[in-house]
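Trainee: I am new to this structure and should like to understand one part of it in detail. Please set the scene with the whole chain, then take me closely through a single loop and what surrounds it.

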Amino acid sequence: MQTSTSILSNFRILFGLMMALSVIRFWGHGWIETQYIEPVYYFSYFDWIIHPGSTGIYLLFGLVFISAIGIMLGCFYRMSAVLFFLSFTYIELLDKTNYLNHYYFVSLVSFLLIFLPAHRSFSIDVIRKPALYLRQIPSWTVNLLKFQLALVYVFAGLAKLNPDWLFRAMPLKLWLPAQSHVPIIGSLLNYEITAYIFSWCGAFYDLFIVFFLLYRPTRMMAYAAVVVFHVATAMLFQIGIFPYVMIFSTLIFFSAEAHDRVQIRIKKSINYPVPSADHFVKNQLPTLPLFFSWSKIRPFVLIFVVIQLFLPLRFLAYPGHLFWTEQGYRFSWRVMLMEKAGYATFTVTDKNGTQKEWVNNRDYLSIQQEKMMSTQPDMILQFAHHLADIYKKKGYENPIVKGKSLVTLNGVSSQPLIDPTVNLAAQPVNWKNKSWVLPFNPTHQQEIQNTKKVTR
């Protein structure tokens, strides 16, 4: 099956524009310095991810910006898509502290764009080489992006089908009253029932919005819901440009005719040069590069689809409370599901116990890094190994690193996250279950209250 190239080219333009604006926003807020230059240590995802230094960081962000413009304009598109994916993803992998679902989404979409013919219409590449122009492309090239968007919403909806979200309205019960200053609806946010309404509506929205967007009779109403939902989340919560990325990305669900009409109007308004009649061939699929043939690329698409379907489910392989252990939490489209806070302390002792030192976390971590590390077991372990390396250089023989972390989750009173008797420096850094993470007690707060009543 075939569809109009305008769907992909419109998506390409909006995606590139949003990415370029996000770099400007990131730079303007000074986050390049605070998040990627000022810290002295980074919680990288892999050992081979090396910090390139301050100059290298600025070059990477500059490359992200230039390649985003290249994607938007369709200028040296294939090279721009590759450079954007590599530079953006490298920055993303530098520090777990800065993990956000929409960064992961951007990496996946930019990876897909490398292989899609999004530059074969309304692009500088077509102006330079009119033979590139295509009126129609294989439908799978558009459906693959729809699939990726559908995953974000549906998995986010499934993740909301948990007791905290549905029956305790957590964490919205904690967050919404803090936004009571918002015009018009602010006073309503103080009511507990509002948190429940928002929770249930949010779950319904995520689970079913894609299906309403796919169905033509409900598409316009569904898109209006998309705009209202994401504008509201942008107003209430500090989640960057993600709401706007989703607002513009979901335009891909509109019909080819709608995309054609919009693109024709824009082309006329900017006097975009239209290819000559020689290039308007009814069926131009044979001019596509060999790797766009469905029979050739199908195995790779299927592999990608299977990975994306099962990666968010890997948490099922781990025991314990997911929000507590966070084993399998990242890269699973779990958006704004928990309020988690705490603090962690560490001691380092040599193997003979003759030397012992309490660690000041701020000597090695920024405020944000310490905040994120204190509640995430894999980052606690990573930091403990880093401390062991530091103290080895100080003369500690086989340093023993132990930690204590008290954490509160979705309104439940603080309780120990990790076993304080375990030598974290001796624990392997891998994807296996972390047995030294203590079990979560969801009734901890009630038990404390009952104890107080008895004491009184």
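Mentor: What follows is a short account of the whole chain, then a close look at one loop, and finally a few other sites.

The model is predicted, so local features are described only where pLDDT is at least 70 and side-chain atom pairs only at pLDDT 80 or more, while totals for chains, interfaces and linings use all residues. Residues are numbered from 1 along each chain as its sequence is written, and side-chain values use heavy atoms, with hydrogens and water left out.

The protein chain folds into 18 helices and 6 strands; these are DSSP runs numbered from the N terminus, with helices (H or I) of at least four residues and strands (E) of at least two. Its radius of gyration is 25 Å, close to the 23 Å that the globule rule gives for 456 residues, so the chain is as compact as a globular protein of that length. That radius is taken over C-alpha atoms, and the rule is 2.2 Å times the number of residues to the power 0.38. Along the principal axes, the C-alpha atoms fill a box of roughly 85 × 55 × 40 Å.

Half of the picture lies inside: 50% of the 456 residues count as buried, a word used for under 20% relative accessible area, with over 50% called exposed and the range in between partly exposed (1.4 Å probe, protein chains only). Contact here means heavy atoms within 4.5 Å. Of the contacts between residues at least 6 apart in sequence, 72% join residues at least 24 apart.

The close look now turns to the loop between helix 8 (163-167) and helix 9 (172-175), where P171 is placed. Both A169 and M170 belong to this loop as well. A169 has a phi near 55°, a positive value in a residue other than glycine. With a relative accessible area of 0%, A169 is buried.

M170 follows, and at 7% relative accessibility this residue counts as buried too. Leaving out residues up to four places away in sequence, M170 touches D164, W165, L337, N410 and G411. M170 therefore has partners in helix 8 itself, since W165 and D164 are among those it touches and helix 8 spans 163-167. A contrast is offered by L60, which is 110 residues from M170 in sequence and 38 Å from it in space, C-alpha to C-alpha. The step from M170 to P171 is a cis peptide bond, with omega near 10°.

On the other side of helix 8 is N162, in the loop between helix 7 (140-159) and helix 8. N162 counts as buried, at 13% relative accessibility. Its side chain makes two polar contacts, each being a pair of N or O atoms within 3.5 Å; within protein, one atom must be able to donate a hydrogen and the other to accept it, and residues adjacent in sequence count only if both atoms are side-chain atoms. The side chain of N162 reaches the backbone oxygen of A159 at 2.8 Å. A polar atom of that side chain also lies 3.0 Å from the backbone nitrogen of W165. W165 is thus touched by M170 and bound into a polar pair with N162.

Some other sites may be set beside this loop. W333, in the loop between helix 15 (322-325) and strand 3 (340-349), likewise has a positive phi in a residue other than glycine, near 60°. W333 counts as buried at 1% relative accessibility.

Q415 is placed in strand 6 (residues 412-416) and is buried, with a relative accessible area of 4%. The side chain of Q415 reaches the backbone nitrogen of N441 at 2.9 Å.

H230, in helix 11 (residues 216-236), is buried with a relative accessible area of 4%. Apart from neighbours within four places in sequence, H230 is in contact with Y153, Y205, P243, M246 and I247. H230 and V245 are 15 residues apart in sequence and 9.4 Å apart in space, C-alpha to C-alpha.

Lastly, I13 is found in helix 1 (residues 5-28). Not counting residues up to four places away in sequence, I13 touches M72 and F122. The C-alpha atoms of I13 and I69, 56 residues apart along the chain, are separated by 8.8 Å.
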